[in-house]
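Trainee: Could you take me through one part of this protein slowly, and then show me what surrounds that part? I'd rather have a close look than a quick tour.

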Amino acid sequence: MGAVTSTFLAGVALVKKGIGRPFGSLSQLQTIRLGKRYEGRNPLIKDFIPLAELSDLVFGGWDALGRNLYETALQAGVLPENMLQHVRGELEGVLPWKAVFDRQYVRNLNGTFVKEIPNKMKQAQALIQDIERFKKEQGLKRLVILWCASTEIHLERSPVHESLGAFEKGLEENSPEIPPSMIYAYAALQTKTPYANGAPNLGAHIPALWELAEKNKVPIAGRDFKTGQTMMKTLVAPGLKMRMLGLHGWYSTNILGNLDGEVLADPLSFRAKEKSKISVLDTILEPKMYPELYGEYCHKVRIDYYPPRGDAKEGWDNIDLFGWLGLPMQIKINFLCRDSILAAPIVLDLALFLDLARRAGLSGIQEWLSFYFKSPMCRPDLEPEHDLFIQHLKLKNTLRLLMGEEVLDHSGLDYYEELPPGAGTAPPAQLLNKATPFQTS
Ligand SMILES: NC(=O)c1ccc[n+]([C@@H]2O[C@H](COP(=O)([O-])OP(=O)(O)OC[C@H]3O[C@@H](n4cnc5c(N)ncnc54)[C@H](O)[C@@H]3O)[C@@H](O)[C@H]2O)c1
């Protein structure tokens, strides 16, 4: 319940009062085309699929600092105080529950509002009790859990993560390979609650928890919200590749002054973020398939904690590319963004879409939600899809499929197969269909 969560909650309350608009949210604002272009069927996504309404939502959660959400929002400094005043009551009413927290995994945060339970399995059980109590107290039918807590130190997968049996044994034996984020994920899945991870740490991205998600038929998604610089990267890189423009190097740097930035100033937490940010280019550019274009490019990512900027992050990208005959060119991107303003609508969409997924009977990794993540989870034998345009198509086509509508491939050839008599010349698709020999001169 830090900057992202307080910005999200304040935003939902403001939108409900008609004081703000949910810009950035596909679930609230985007339309979806159905059928052929000439049919003119373009409903809003929220009118097309049965999503929960904003008025249905109730919020609760844990934090390692015992502040109410109004205090958190003020300290985060994302939304101006005069805006927050309109929803002060709603935010003050949200008090966190004590966290499962261990400073060993988030070294730059002094968590004081913490459950005093030494054993990790017992910590998981305490989280499960919190979840069940909240559900009962509020009279809720369904829940979704999103990890919007600090980035933990980078951990590699190890044998304790490889099966549910090994993981539960690890919980009993307080394995150091199990950080709090995994304990929360385990508690979510045990209570059959859909779960998404907005930070780069592993969370539910281990075989043990995939197994539990499948066993309990729970949808999961992650990792690391795709907001500022990486969103720009996954917009620009597919374009360069589509045009077969080569890359010598891509240098990215950020200055950021919020609590997230302070946590990421610890090299071990930064390592988790760096890995998440670095992986996108290789999978988009496919250097093995295009060694001449992308075989040797240099990719650097930096984040500097710079307090004066608060949540208003500034990202710079310098792209050294080359074109026809290898001649060099450059692109510079300077994105003066606001981290939590970009993340809040992602939190809303994920909550609503994961709830939808659960009701639709989907379980395990939800690759169609890759659109929202820097390190999208996917079946272990597949490469993740990073291209924002493909991710977007995947998301919308999944919604079409869920509602029994035709999937769109945008090839458009069928429009010309259906030409009314005398409406034009024979289209190329028909010529090729007839296997006309292709002549060159
Ligand atoms: N804002 C963005 O654009 C963006 C993008 C991608 C990922 N993220 C990730 O989202 C997360 C949240 O970002 P933020 O800006 O809100 O950070 P923040 O530092 O403001 O909030 C994180 C909160 O998590 C709490 N916390 C830490 N460990 C905890 C634990 N074990 N249990 C309960 N609470 C715990 C902290 O007390 C803090 O209040 C970070 O991991 C960040 O890297 C943010």
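Mentor: Sure, and one bit of bookkeeping before we zoom in: the domain bounds I'll use come from an automatic or database domain assignment. Keep in mind, too, that this is a predicted model. The assignment gives domain 1, covering 3-225 + 341-402, and domain 2, covering 229-336. Taken over C-alpha atoms, the centres of domain 1 and domain 2 sit 25 Å apart. The contact between them involves 25 residues of domain 1 and 27 residues of domain 2. On the side of domain 1 that touches domain 2, you get 10 nonpolar, eight polar and seven charged residues.

Now for the part I'd look at closely, the shell around the ligand. There are 34 residues around the ligand, and G2, A99, A199, T227 and L259 come nearest. Both domains chip in, with at least three residues of the shell from domain 1 and at least three from domain 2. As for the elements, α1 (3-16), β1 (62-63), α12 (259-264) and α15 (339-359) each supply at least two residues of the shell. The largest share comes from α15, with four residues. By residue type, the shell around the ligand splits into 21 nonpolar, nine polar and four charged.

For some context beyond the ligand, try helix α7, residues 120-138. Its 19 residues reach 27 Å from first C-alpha to last, close to the 27 Å expected at 1.5 Å a residue. K120, Q123, A124 and L127 are the buried residues to click on in α7. They sit on the same side of α7 because they cover an arc of only 105° around the axis. Cover for these buried residues includes α8 (164-172) and α9 (180-190). Flip to the face turned away from the buried side and you'll find E132, R133, K136 and E137, which are exposed. Just after α7 comes G139, with a positive phi of about 65°.

One last stop is S375, in the loop between β10 (364-365) and α16 (388-402). S375 counts as buried because it has 25 C-beta neighbours inside 10 Å, and the cut-off for that is 20 or more. If you want a distance to check in your viewer, S375 and N258 are 22 Å apart, C-alpha to C-alpha, with their positions 117 residues apart in sequence numbering.

Technical notes:
Residues are numbered from 1 along each chain as its sequence is written. This is a predicted model: local features need pLDDT of at least 70, side-chain atom pairs count only at pLDDT 80 or more; totals for chains, interfaces and linings use all residues. A residue is near a molecule or strand if its C-beta atom, placed from the backbone, lies within 6 Å of it. Ala, Val, Leu, Ile, Met, Phe, Trp, Tyr, Cys and Pro count as nonpolar, Asp, Glu, Lys and Arg as charged, and the others, Gly among them, as polar. The expected span of a helix is 1.5 Å times one less than its number of residues. A residue is buried if 20 or more other C-beta atoms lie within 10 Å of its own, exposed if 12 or fewer, and partly exposed in between; C-beta atoms are placed from the backbone. The arc is that of the directions from the helix axis to the C-beta atoms. Two residues are in contact if their C-beta atoms, placed from the backbone, lie within 7 Å.
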